[in-house]
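Thank you all for making the time this morning. I would like to take you through one structure, beginning with a single loop and working outwards from there, so please keep the view in front of you as I talk.

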Amino acid sequence: MISFPFKRILVCSTFITSIIFILSTNAFSQDDVPSQSYEDTTTALKDYKQEEKYSNQIAGEFTPGRGFDIIKTDKGSLNISGYGLARYLNQLPSSQIFTDHLGRQRVTHPRNDIYFQRFFVWFTGFLGTKKFNYNLTIWGLVPTMQTLVFGNLTYGFAKQIRLGVGIGPNLGIRSLQGPWPFFNASDRQMGDESIRPGFTGSVWITGEVLPRFYYTAAVGNNLSILGVTASQLTRNLTTSASIWWMPTTGEFGPRGGNGDFENHQKLATRFGASFGHARDDRFSSLGDSTSPNTQVKLSDGVNIYERGALADGVTVQRTNWDMGSVDMGFKYRGFFFQAQFYARYISKIQATGPVPVNNLTDKTFQVDVSHMIIPYTLNLYLSGSYMWDQFKRNPNELCAGLNYYPIHSRSWRVNLHYINITRSPTGSTFGYYMPGQTGTILSLGTDILL
């Protein structure tokens, strides 16, 4: 199997950042770079926020683009916007057998396909007062032929307090709180994807409690609503919270996304921490070999609620799930750097028989660096993830890619993405990975945000 020490991620990050800087400073004279003062950047970001029809209060997945105004009166408004992703994905090698943490061999089925991967359509606006906003969403995932219709309602009492109810994220990780779809590529990387919670029916409160210091707290039904109906839920609710501080400029670009497309002339900074807790459940009969709850996977990519996940013939029914994460990010003159550390603790395991562990601890570190080598047009990035896991498998990855913006706007890009993955701890039809995969993942896609 292919493996590399964690130090390699840091060395590669430093090396490629240096090379990008040298190439960019040599390849483009000052006349080639659009002149833009910090005041211009700030004004552009304010204009962008003002043009957005629905401010980014909970998560990018539920926050539309600028869209098209259909109705706008003193008593209410309607805006329609959308997102779409078309992508070619090739997971290599074409067939593979991996060994899980119990020494059992499992077969992976890598993908090699072309899809209009997913889409969103948002119907948003205010009703009666601009303090009261609605968001009705149509979401579709074409590879699984899933389509959902859902929404949320929010009311802003003041900038310190905004109350919301509907579908929202469990707040254990920064990527669930706005940046999508402005990731490096079109989906989350291994570090984010392997350990994160999901979205669920919830109520939340958010706001700017101090100048440039924000918070969000939420109570939800479960870790992920996908595949789970109301009749399957237990009485246990999830709780989560997040804080973040942007001390230097008070913003971190549109949606707080990756990359410095906006070419900040003053250093933009963001520091944050997030936490989550759940009494998680398999949400199905113990007689079923599989579970509709697929959110929590072991570090070998096996669903913890699958029969035999922790011991042959034994089924886990409930666990305590706890997660904490810290993150910091910087943007300056086309450069972007972000580092994140996550820790997940699974305890109080209730199963049909004895299991070899009483709790599980997994820790993950992820680094992302990028530079706009041609301002407003071409972005080069590198990212790496490393997991210190309970079973000492140490999954890791190294990624690189290019983003090309044909109309010099974040609204449309073409993305080329490369991943070298070792013992993938995650996998789904949403993103890039297959459980247990060791090899290469290639992707070429284009996405739009209207």
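Let me start with Glu251, which sits in the loop between strand E11, residues 238–245, and strand E12, residues 268–281. I should say at once that this is a predicted model, and that everything I describe is computed from it.

Is Glu251 buried or exposed? Its relative accessibility is 9%, and because anything under 20% is classed as buried, Glu251 counts as buried. Its side chain has polar partners: one polar contact, of 2.8 Å, links it to the side chain of Thr249, and a polar atom of the Glu251 side chain also lies 2.7 Å from the backbone nitrogen of Gly253. If you then look for Ala268, you will find that, although 17 residues separate it from Glu251 in sequence, the two C-alpha atoms are 6.9 Å apart in space.

Let me turn now to the strands, and to E5 in particular, residues 112–127. Strand E2, residues 77–92, pairs with E5 in the antiparallel sense over 12 bridges, and within that pairing Ile80 has Phe123 of E5 as its bridge partner. E5 is also joined to strand E6, residues 129–141, by 10 bridges, and these two strands again run antiparallel; here Thr124 stands opposite Asn135 in E6. The hairpin that E5 and E6 make has one residue between the strands, and in that hairpin Gly128 takes a positive phi near 80 degrees.

My third stop is on the surface, where there is a nonpolar patch whose members include Leu153, Tyr155, Phe157, Ile161, Leu163 and Val165, and which has about 720 Å² of accessible area in total. Which strands each supply at least two residues of this patch? They are strand E7, residues 146–158, and strand E8, residues 161–169. Leu163, to take one member, is located in E8, and since its relative accessibility is 37%, it counts as partly exposed.

Finally, let me step back to the protein as a whole. It has three helices and 19 strands, and of its 450 residues 54% are buried. Among contacts with a separation of 6 or more, 65% are between residues 24 or more positions apart. The protein exposes about 18800 Å², of which carbon and sulfur atoms supply 63%.

Conventions. Residues are numbered from 1 along each chain as its sequence is written. This is a predicted model: local features need pLDDT of at least 70, side-chain atom pairs count only at pLDDT 80 or more; totals for chains, interfaces and linings use all residues. Side-chain values use heavy atoms; hydrogens and water are left out. Patches are made of residues with over 30% relative accessible area and no salt bridge: like charges are joined within 9 Å, nonpolar side chains (Val, Leu, Ile, Met, Phe, Trp, Tyr) within 5 Å. Accessible areas come from the Shrake-Rupley method with a 1.4 Å probe; for residues, only the protein chains shown count as cover. A salt bridge is a side-chain nitrogen of Lys or Arg within 4 Å of a carboxyl oxygen of Asp or Glu. Helices (H or I, at least four residues) and strands (E, at least two) are DSSP runs, numbered from the N terminus. Buried means under 20% relative accessible area, exposed over 50%, partly exposed in between (1.4 Å probe, protein chains only). Two strands pair if DSSP finds at least two bridges between them. A polar contact is a pair of N or O atoms within 3.5 Å; within protein, one must be able to donate a hydrogen and the other to accept it, and residues adjacent in sequence count only if both atoms are side-chain atoms. Contact means heavy atoms within 4.5 Å.
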